[in-house]
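Colleague: I am new to this structure and would be grateful for a short guided discussion. May we begin with the terms?

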Amino acid sequence: MAPKARTVGIKPKSQNFKDKSKPTDVRMSNIQAAKAVSDAIRTSLGPRGMDKMIQAGNGEVSITNDGATILKQMNVLHPAAKMLVELSRAQDVEAGDGTTSVVVIAGALLEACEKLLQKGLHPTAISDSFQRCSNKAVEILTQMATPIELTDRETLIKSASTSLNSKVVSQQSSLLAPIAVDAVLKVTEPGKETAVDLKNIKVISSLGGTVEDTELIEGLVFTSRSAGTNAPKRIEKAKIGLIQFCISAPKTDMDHSVIVSDYAAMDRVLKEERSYILNIVKQVKKAGCNVLLVQKSILRDAVSDLAQHFLDKIKCMVIKDVEREDIEFVCKTLHCRPIASLDHFTADNLVNAELVEEVASGTNKFVKITGIQNQGRTVSIICRGSNKLVLEEAARSLHDALCVVRCLVKKPFQIVGGGAPEIEMSLQLAAVAQTVEGVDAYCFRAFADALEVIPSTLAENAGLNPIATVTELRNRHAQGEKNAGINVRKGAITDIYAENVVQPLLVSVSAITLATETIRSILKIDDIINTFS
């Protein structure tokens, strides 16, 4: 008899790691998306870089070549591409300048990663090796840097000018750079250089005039004109009071109302209102106050018409509707505390200033307070521009210049620009690649080649032959000329230090460190998982 046929249960193959190509595809997709962002702003790099016109959904248009601004307003959907937008923002917070460079370097490093992955190197090995490359690159930069003294104003101005030379307002760099240097030095407290806060510099944008009319004011500027028609517009030897209470009749709570049934009661209400306001104004006059700063109130008028009439009579200038967020800056500048109630409105709580006047600036009128007694470490800058686009870009460029000077105050070392540090790092890392073994040798070589993207892009944007320029630059550095860089004005390789093209060490160190960190994060990703919110 034939034996019974047995059915053997074949175990299904494990589903895990079945699709080996998926992590590779995800990685390549991430690299391509991030590279696309890098390529989009690559043409904006350097003094001859192009500008981008950004049109927002609401029809607003802005023109800029600041990397952080372009990426912030760009509609980016891919999660890996968003990481490059965050990278640019991180560079803006850390150094304030080099926001385009950091994204261009990241794009070049991703391209290097792509080639290394295709050779079969493991992402983790590349990631660890790139970290070592980054540390070595920072060492090379530090060796190249020259220390500076904060008392050397000329050197600080040169660095600020370099950051402005790549902006739309580059023609006015000789005016804006000294303003940026003086502003940062004014708010820097000796012994606390690392804690420089740019919030102590108030930049006010005013339409009208040209960028040349931008001015630095050691004092306080209010964008609103003084209240009242008959009030004085100029007061010398001013006594200033900053109040947080209202000079108007009290109101009932939100859900209450007062019903007045006869004229006698109405007259009594008006009489009470009048005597209430008169009492406050008498107290103001008794204290000797002739300039009153009133915080904006959301519940009722900060200063009623009747109160304004009385204050005009006692020749007191009133600046009302001081914004709540500006109060801290005002207090710091005037070195005072806001007065919260009428009982504390005494001569002791007032601040003396040499001059308070209302000045016209373009189409606007400002109130300017100068010669403040015991003024705090703050400063105001009135930024001017002939149209909205130029004005916005001038304010952005001025912010970058302020950040550059802050970097030099925090870490008083500078290096040359013009692609010189990148070529020097590239050469030295290539030399290190010869001495190491295994994966590191490939990675150091790839990292070194990727850094050449900065001088190559500078040459390309300046209309030079990128291959010939970078080859000559590499040759000059190999001969020991560490300060040789691309001079875009002359279209040649020159000693860039003699041309005063210098930048803070912190900007370059931050760019290399942050770019490497982001690349390592992107490399480690092998899948994208959508979740239900």
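Modeller: Buried means under 20% relative accessible area, exposed means over 50%, and partly exposed lies in between (1.4 Å probe, protein chains only). This is a predicted model, in which local features need pLDDT of at least 70 and side-chain atom pairs count only at pLDDT 80 or more, while totals for chains, interfaces and linings use all residues. Residues are numbered from 1 along each chain as its sequence is written, and side-chain values use heavy atoms, with hydrogens and water left out.

Colleague: Is K136 buried, partly exposed or exposed?

Modeller: The side chain of K136 meets that of E139 in a salt bridge of 3.7 Å, N to O; the term requires a side-chain nitrogen of Lys or Arg within 4 Å of a carboxyl oxygen of Asp or Glu. With a relative accessible area of 26%, K136 falls between the limits of 20% and 50%, and therefore counts as partly exposed.

Colleague: Why are K136 and E139 separated by about one helical turn?

Modeller: Helices are DSSP runs (H or I, at least four residues), numbered from the N terminus. Both residues belong to helix α5 (residues 123–144), and they are about one turn apart because their spacing in that helix is 3 residues.

Colleague: Which helix gives the most to the largest nonpolar core?

Modeller: A nonpolar core is a set of buried Ala, Val, Leu, Ile, Met, Phe, Trp, Tyr and Cys residues joined through side-chain atoms within 4.5 Å. The largest has 74 residues, and L109 is one of those with the most contacts inside it. With 12 residues, the leading contributor to this core is helix α4 (residues 99–118).

Conventions:
Helix = DSSP H or I, 4+ residues; strand = E, 2+ residues; numbered from the N terminus.
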